[in-house]
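The exercises below are to be worked with the sequence and the 3D view side by side. Each task is followed by a solution in steps.

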Amino acid sequence: MKQSIRVKQFVYALLCTSLLLIANLTPAVADESPHYEVIAERTHKPTLFTQGLLVDGDHFYESSGLYNKSLLVVYPIAEPASAWAKISAPFTKKQSIPSQYFAEGLALLNGKLYLLTWREKTLLVYDKATLNYEKSISYNGEGWGLTSNGEQLIRSDGSSRLYFHNATDFTVTKTINVTDDGTDVSQLNELEFVRGFIWANVWHQDQIVKIDPDSGHVVGKIDLGDLKKTLNLKDSEQVLNGIAWDEKQQAFWVTGKQWPKMFLIRITH
Ligand SMILES: [Ca+2]
């Protein structure tokens, strides 16, 4: 009898320990991917085919693609009060891109705006304050997304590879391959470097991936599918594209190609 009680006690203790272990492990698994909350929204001109997006101070800097239509624009984060004024508000500054170029990713470094072109193998450099054109630099491959880690420019080309470039002559200094649990993550598009990590849109997906710039490993994902659904978009090319870190708000502005809105999202954990 005593033996039987001891066995029961042992089994019970084992069961309790297992349950405690499971209880302890479960939140850790669920916490792997960051969650977000929408803390603000504003209008986004639906004519903009967003390819690059960044915030500097109180303004957005955005590049818009397509041949014969490519633009570089600057506009304030704060919006006018009335609905009509919001829609009709002019850009603070606007620079047309020569018609032979399809504008792509945009990055800011040391007062210069660096603009990629899709298949024209040309990096265009503009003065941030005036948007005046300064120079062009040739490079190999396609241009998709661009960001800066404060020292170098980081480019995506639609593959799973990210290229680190010297800003002076745009020489490639390093490349990384982006993988999620051992599988290549291709179609990497718009980029944003924040506090040691690269955040990337993945073309035609509603996920933003957080990448370790040393290993290339995806260390987190945010799914913005529910946010996109609220817009009732009709065109399959109106994809999520555009991530800009707002230092003042400590949050990300996100938008998409020809989206009517931009959203300020804060990572909650
Ligand atoms: Ca960006």
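A residue is called buried under 20% relative accessible area, exposed over 50%, and partly exposed in between. The model is predicted.

**Exercise 1. Positive phi in a turn**

Task: State where Asn110 is found, give its phi, and decide whether the residue is buried or exposed.

Solution.
Step 1. Strands E6 and E7 (residues 112-117) pair in the antiparallel sense, over five bridges. One pair to check in the view is Ala103, which stands opposite Thr117 in E7.
Step 2. Two residues lie between E6 and E7 in this hairpin, and Asn110 is found in the loop there.
Step 3. The phi of Asn110 is near 50 degrees, which is positive in a residue other than glycine. Most residues other than glycine have a negative phi.
Step 4. The relative accessible area of Asn110 is 70%. The cut-off for exposed is over 50%, so Asn110 is exposed.

**Exercise 2. Two intermediate cases**

Task: Classify His204 and Leu108 by relative accessibility.

Solution.
Step 1. His204 lies in the loop between E17 and strand E18 (207-211). His204 is not a glycine, yet its phi is positive, at about 70 degrees.
Step 2. The relative accessibility of His204 is 37%, so His204 counts as partly exposed.
Step 3. Leu108 lies in strand E6. Six of the seven residues of E6 are buried.
Step 4. At 21% relative accessibility, Leu108 is not under the 20% limit for buried and therefore counts as partly exposed.
Step 5. To locate Leu108 further, find Tyr126, which is 18 residues apart from Leu108 along the chain; their C-alpha atoms are separated by 9.6 Å.

**Exercise 3. The calcium site**

Task: Which protein atoms are donors of the calcium ion, and what geometry does the site have?

Solution.
Step 1. The backbone-type entries in the donor set, labelled O, belong to Leu53, Leu191 and Ile243.
Step 2. The entries labelled OE come from Glu190, which is listed twice, and from Glu192. The donors lie 2.4 to 2.8 Å from the calcium ion.
Step 3. Along the chain, the donors follow the spacing L-x136-E-L-E-x50-I.
Step 4. The angles among the six donor atoms run from 48 to 174 degrees. For six donors to count as octahedral, opposite donors must be over 155 degrees apart and all other angles must lie between 65 and 115. An angle of 48 degrees fits neither range, so the site is irregular.
Step 5. Both Glu190 and Glu192 are buried.

**Exercise 4. Two pockets**

Task: For the largest pocket, give the space in it and the element with the largest share of its lining; then do so for the second largest pocket.

Solution.
Step 1. The largest pocket holds about 370 Å³ of space. Its lining has 21 residues, and those nearest its centre are Leu54, Val55, Glu192, Phe193 and Trp245.
Step 2. E16 gives the largest share of this lining, with five residues. By class, the lining comprises eleven nonpolar, three polar and seven charged residues. Glu192 is also a donor of the calcium ion.
Step 3. The second largest pocket holds about 230 Å³. Among its 18 lining residues, Arg195, Trp199, Lys210, Phe252 and Ile267 lie nearest the centre.
Step 4. E22 gives the largest share here, three residues. The classes are ten nonpolar, four polar and four charged.

**Exercise 5. Strand E21 and its partners**

Task: Which way do the residues of E21 point, and with which strands does E21 pair?

Solution.
Step 1. Ala251, Trp253 and Thr255 point one way from E21, while Phe252, Val254 and Gly256 point the other way. All of these residues are buried.
Step 2. E20 pairs with E21 in the antiparallel sense over five bridges. Ile243, a calcium donor through its O atom, stands opposite Val254.
Step 3. E21 also pairs antiparallel with E22, over three bridges. The bridge partner of Phe252 in E22 is Ile265.
Step 4. Each hairpin has four residues between its strands. Gln250 takes a positive phi of about 55 degrees in the turn between E20 and E21, and Gln258 one near 60 degrees in the hairpin of E21 and E22.

How values were computed. Residues are numbered from 1 along each chain as its sequence is written. This is a predicted model: local features need pLDDT of at least 70, side-chain atom pairs count only at pLDDT 80 or more; totals for chains, interfaces and linings use all residues. Side-chain values use heavy atoms; hydrogens and water are left out. Donors are N, O and S atoms within 2.8 Å of the metal (3.2 Å for Na, K and Ca); water is not among the atoms, so sites may look incomplete. Four donors count as tetrahedral if all angles lie between 85 and 135 degrees; four count as square planar and six as octahedral if opposite donors are over 155 degrees apart and all others between 65 and 115; anything else is irregular. Buried means under 20% relative accessible area, exposed over 50%, partly exposed in between (1.4 Å probe, protein chains only). On a 1 Å grid over the protein atoms alone, a cavity is a set of points where a 1.4 Å probe fits but cannot get out, and a pocket is an open set with protein on both sides within 12 Å along at least five of seven lines; lining residues have an atom within 4 Å of a point. Grid points are joined across faces, edges and corners, and a volume is the space filled by probe spheres set on the points. Ala, Val, Leu, Ile, Met, Phe, Trp, Tyr, Cys and Pro count as nonpolar, Asp, Glu, Lys and Arg as charged, and the others, Gly among them, as polar. Two strands pair if DSSP finds at least two bridges between them.
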